[in-house]
Amino acid sequence: MAGCVSLGVCYYPEHWDRSLWESDLLRMTDVGITTVRIAEFSWSITERTEGNFTFDFFDGFLDLCERVGMNVIMCTPTATPPAWLTEKYPESLNADINGVRYGHGSRRHYNYNSPKYRELSARVVRALAEHFARRRCVIGWQIDNEVNCEADVFYSESDDGAFREFLRARYGTPDELNRAWGCAFWNQTYNSFDEVHVPRPTVNGAHNPHGMADYIRFISDSAISFVKMQADIIREYKKPDDFITTNGMFGHLDNHRMTREALDVFMYDSYPNFAYGTGSHPERGMADRGWSRDLSAVRSISGNFGIMEQQTGANSWNTWGMSPQPKPGQIKLWAMQSAAHGADYISFFRWRTAPFGTEIYWHGILNYDNRDTRRLCEIGEIHKTLSSLSGLAGSAYEARYAVVRDYDNIFDCDVDAWRRALDGESVEGLFRASQHLHAPCDYVYIDDGADVERLMRYRVLFYPHAAIMTEARSRLLYEYASRGGVIVFGCRAGYKDENGHCPMRSLPGLVGEWCGADVDDSTAQAGGDAPASVRWGDGKFPAGVYADFVTPKDGAEPLAFYEDAWFAERCALTRKSVGGGCAYYYGGTFTEPAAREFIARLGLAEPYADTVAVPEQCEIAARGGYLFILNFAHTESEVEFHRPVSDAETGGPLRGPHTIPPYGVLVVRV
Ligand code: GAL
């Protein structure tokens, strides 16, 4: 099975009687599971009282794993500090915005900046690494659990002090901070860093927006340094080939930098069933198919990544929600969605449903009664299919174009409602269009140090709303276009600087120097405003929630114009040659119809049309010489092969029409 995607499962030896361990491991092996992830919430098992470490419990479990040939991903337990710790060192706890400390009884209630918590975390991580790292069955380490999940804002006293240090290092003097935060507005001027605090309740809930952006950067830095502290310790002990990772992709965190600086590989937790059940909005975001968007973002962090937790059962807690079990076929569909997008390892959550605790309704592969389930059979089927896809692991996802993202603008969306509205519409519209036109697409994240070679793999880049633009990024994109790339900007490019100020200059700011567009005015189209349309040749589509009025300059050509609005006839789209490539400046947002028009006109739609015709309800992805056709619908899908291909699983030939069952997956060798 060289180069096959491998399977794992999340297991909690501490939840079960020891007498179950062996049969559990053997039943896992039977369905093709070769790895278990353990111990992420088990601090008290190793250190029941302060400073007294015992390893017998996990030693016993690892002995058994070694006996049956099961691999183990060991976790550090810092997501759930023990009661003795928070009782004795309450400064380890996070607090709410009122400064009220969280209590014991849930999870992720600690803060990253408490010196005591860092000291005790470092000690337990060192103890675990020292004791377990050389075990034969251990193949990797997970740090903490879901960094920044549930809590991505921190208001403890330690955070307050650390935020001041962060600002002192960033700005040097209070006056530099005053300038960067625009403190002349509403008399916010500081005379000393001691006067600056993490956000506290304000009259109307508003805070200085530039300060808020720094606060998010600070949270991201704090999380990364906490993860790195643990990774550095594990690296002193681990076997050379063992990997260090963490799981999940959450907000207020530069996951790319965290992975670069601390991890060997990034792993994601994929729960597409969140699209269903109480509180879900299946009409938005393409339901479970929407997880393909997250997986594309994950792929930009680690080209080949792992799924540490892949959904196998109904999701909800005793405190919220109610959701259906995955329907027959869906567990496999979601696992194959992960594999199609670049996962080399898929670990299911969880082996058996917890019989106690907050997650008694979060179903695993097995129910409380421990009988075989249809969900277990489906894991076996996933194994069968993935074992037939040799060479898939390690191969690259194929995309001809990419959407450009960067953390300055992502964090800016968190503090700026106008920006958020633009981004929400365009990220969604571009995703939907790429899905419906079967045009696989990557995300590419840039920063000031980004290398143009990374961009040159893509014929076209969409940079939906590059509100914050820096000299270095503008130069990078200029070079990309000069060397033959096609860059498409959406509205509001370049209107902010790195601090989130709107400098006095003509728009679109720095990119206006070379992209051939001049924007003299613009308007949101919100509330009762009838949305304007854009006419591009014989195509017409909605402009979306915003419209920049564009004038071509420096030899650019006007391509499209607004209609159905007081600014009808103003130009909506320009195009300018830049060296061997070109730049488009589009004044609207990328609603799905707009994105479709661009994707089609730029020759990116249906790249596999010569091989197969597929209805819109199916996704197509290509990786490692295989074409994945994923049917997310509850109805059958008819596809039509235009040239002979073979079914990757059976080896059988396929030509002409073929039916994919509801929630079915077909993988063909091309
Ligand atoms: C994940 C988490 C798991 C478990 C699961 C179900 O986010 O990592 O520990 O809590 O959700 O709630």
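**View 1. Two domains contribute to the lining of the largest cavity.** In this predicted model, domain 1 (6–144 + 220–387) and domain 2 (401–601) each give at least three residues to the lining of the largest cavity. As you look around this view, try to find residues from both stretches of the chain. The space inside the largest cavity comes to about 120 Å³.

**View 2. Here we step in towards the centre of the largest cavity.** The lining is made up of 15 residues, and those closest to the centre are Y397, F431, S434, Q435 and C441. Which elements give two or more residues to this lining? They are the helices α10 (291–301) and α14 (417–436), together with the strands β12 (441–445) and β23 (618–623). Sorted by class, the lining of the largest cavity holds seven nonpolar, six polar and two charged residues.

**View 3. This close-up turns to the second largest cavity.** A search of the whole structure for cavities of 30 Å³ or more finds two, and the second largest has about 70 Å³ of space. Its lining can be picked out residue by residue: V404, R405, D406, N409, I410, R419, D423, Y463, P464 and H465.

**View 4. The last view shows what supplies the lining of the second largest cavity.** At least two lining residues come from each of β11 (401–405), α13 (407–415) and α14. You may remember helix α14 from the largest cavity, where α14 also gives two or more residues to the lining. How many residues of each class line the second largest cavity? There are four charged, four nonpolar and two polar residues.

Key
Residues numbered from 1 in each chain as written. Predicted model: local features only at pLDDT ≥ 70, side-chain atom pairs only at ≥ 80, totals over all residues. Heavy atoms only, no water. 1 Å grid on protein atoms, 1.4 Å probe; cavity = no way out; pocket = protein on both sides within 12 Å on 5 of 7 lines; lining within 4 Å. Points joined across faces, edges and corners; volume = space filled by probe spheres on them. Helix = DSSP H or I, 4+ residues; strand = E, 2+ residues; numbered from the N terminus. Nonpolar A, V, L, I, M, F, W, Y, C, P; charged D, E, K, R; others polar. Domains from an automatic or database assignment.
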